[in-house]
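Open your viewer, load the model and get ready to click along. We will start with the whole chain and then select smaller parts one by one.

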Amino acid sequence: MNCLNCGAELGGPYCAACGQKHDPHRPTFGHFVAETAESLSHADGRLWSTLRMLLTRPGLLSKEFFEGRRARYLPAIRLYIVLSVAFFLLLALVPDSGMSAIGDTNVRMDSKCSELTYNGPFKPMMEQKLRSACEGIKADGGAALGNAFLQNAPKAMWLLLPVFAAILLLFYWRPRRLYAEHLLYLIHNHSAVFAALTIGELLDLALPDQADSVLGPLLFGYLLWYCYRGMRVFYGDSRSRTLAKFFALAFLYFTITSLVQVFNGIAPALSI
């Protein structure tokens, strides 16, 4: 009996050459479900210990990675992908969630689309695109625009991570740190935000509507504390220096993110 993956002779249920388990049966849907459940709860139980460290000890997970203690935790990029996919998938599946409601917004425009003007480069082509997008948005109440926005948001956030890491280089240039350190810290930080927002969405579904007035401020306060505390732990600055950098970085972060998300909304509209 030979391994189906590398062809080496088998001496047991696992291949000694490549490590693949010998399973000649064709995979079914149930097989995929069982394999996923096993990978999350048993074979890769690191997910739960990583999440516990990530959400309760801001900045410490990144510090652990750069001090060489990595085996017990899930790799950073894999963690980010799992949590970001879970968050945006939840938004797409829950019709009444905050961001997915973009697709259900009834767009009203009092002005005529034919009166829209544009005075920048490529004026004739851009005016035609804008007017066509305007008509499309009015026709479906903004649903296509909202769906396109949700599809592009994960890509936009992923592309912004290297930009923010470069900004952190300017704020923490002494003592000199590697670019990869800032990038890893941001990946963990964004992973925590996605995890917290996902938990918030699930709690919002489970709790009565009256709890929204308490849940929202609590979540916002937790995220503010988390970002400040993470900077303090990972970079080791004093409280005053961390606070100053926190507010400056928050301003830059939200400014850049807002500009990118505005473009993220305009670009899909031009293709509708």
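This tour goes from the whole chain to one helix, then to one residue in that helix, and ends at a cavity.

**Stop 1: the whole chain**

Keep in mind that you are looking at a predicted model. Colour it by secondary structure: the chain has nine helices and zero strands. Follow the chain from the N terminus on and you will meet one α element after another, in the order α-α-α-α-α-α-α-α-α. Now switch on the surface. Of the 272 residues, 34% count as buried. Among the contacts with a separation of 6 or more, 61% join residues that are 24 or more positions apart.

**Stop 2: helix α4**

Select residues 76-93, which make up helix α4. How far apart are the end C-alpha atoms of this helix? They are 26 Å apart, which agrees with the span of 26 Å expected for 18 residues at 1.5 Å a residue.

Next, show the side chains of Ala76, Leu79, Tyr80, Leu83, Ser84, Phe87, Phe88, Leu90 and Leu91, which are buried in α4. Turn the model until you look down the axis of α4: the buried residues fall within an arc of 150°, so they line one face of the helix. A bit of background helps here: an α-helix has 3.6 residues a turn, so residues three or four places apart point the same way. Then rotate to the face turned away from the buried side of α4, where you will find the exposed residues Ala92 and Leu93.

**Stop 3: valine 85**

Stay in helix α4 and pick valine 85. Is valine 85 buried, partly exposed or exposed? Its relative accessible area is 48%, which lies between the cut-offs of 20% and 50%, so valine 85 is partly exposed.

Now add phenylalanine 194 to your selection. Valine 85 and phenylalanine 194 are 109 residues apart along the chain, yet their C-alpha atoms are separated by 9.0 Å.

**Stop 4: the cavity**

The structure holds one cavity of 30 Å³ or more. The largest cavity has a volume of about 50 Å³. Which residues line the largest cavity? Select Leu54, Gly59, Leu60, Leu61, Ser62, Tyr185, His188, Asn189 and Tyr226 to see its lining. Two helices to highlight here are α3 (60-66) and α7 (179-206), as each supplies at least two residues of that lining. Finally, colour the lining by class: five residues are nonpolar, four are polar and none is charged.

Conventions:
Residues are numbered from 1 along each chain as its sequence is written. This is a predicted model: local features need pLDDT of at least 70, side-chain atom pairs count only at pLDDT 80 or more; totals for chains, interfaces and linings use all residues. Side-chain values use heavy atoms; hydrogens and water are left out. Helices (H or I, at least four residues) and strands (E, at least two) are DSSP runs, numbered from the N terminus. The expected span of a helix is 1.5 Å times one less than its number of residues. Buried means under 20% relative accessible area, exposed over 50%, partly exposed in between (1.4 Å probe, protein chains only). The arc is that of the directions from the helix axis to the C-beta atoms. On a 1 Å grid over the protein atoms alone, a cavity is a set of points where a 1.4 Å probe fits but cannot get out, and a pocket is an open set with protein on both sides within 12 Å along at least five of seven lines; lining residues have an atom within 4 Å of a point. Grid points are joined across faces, edges and corners, and a volume is the space filled by probe spheres set on the points. Ala, Val, Leu, Ile, Met, Phe, Trp, Tyr, Cys and Pro count as nonpolar, Asp, Glu, Lys and Arg as charged, and the others, Gly among them, as polar. Contact means heavy atoms within 4.5 Å.
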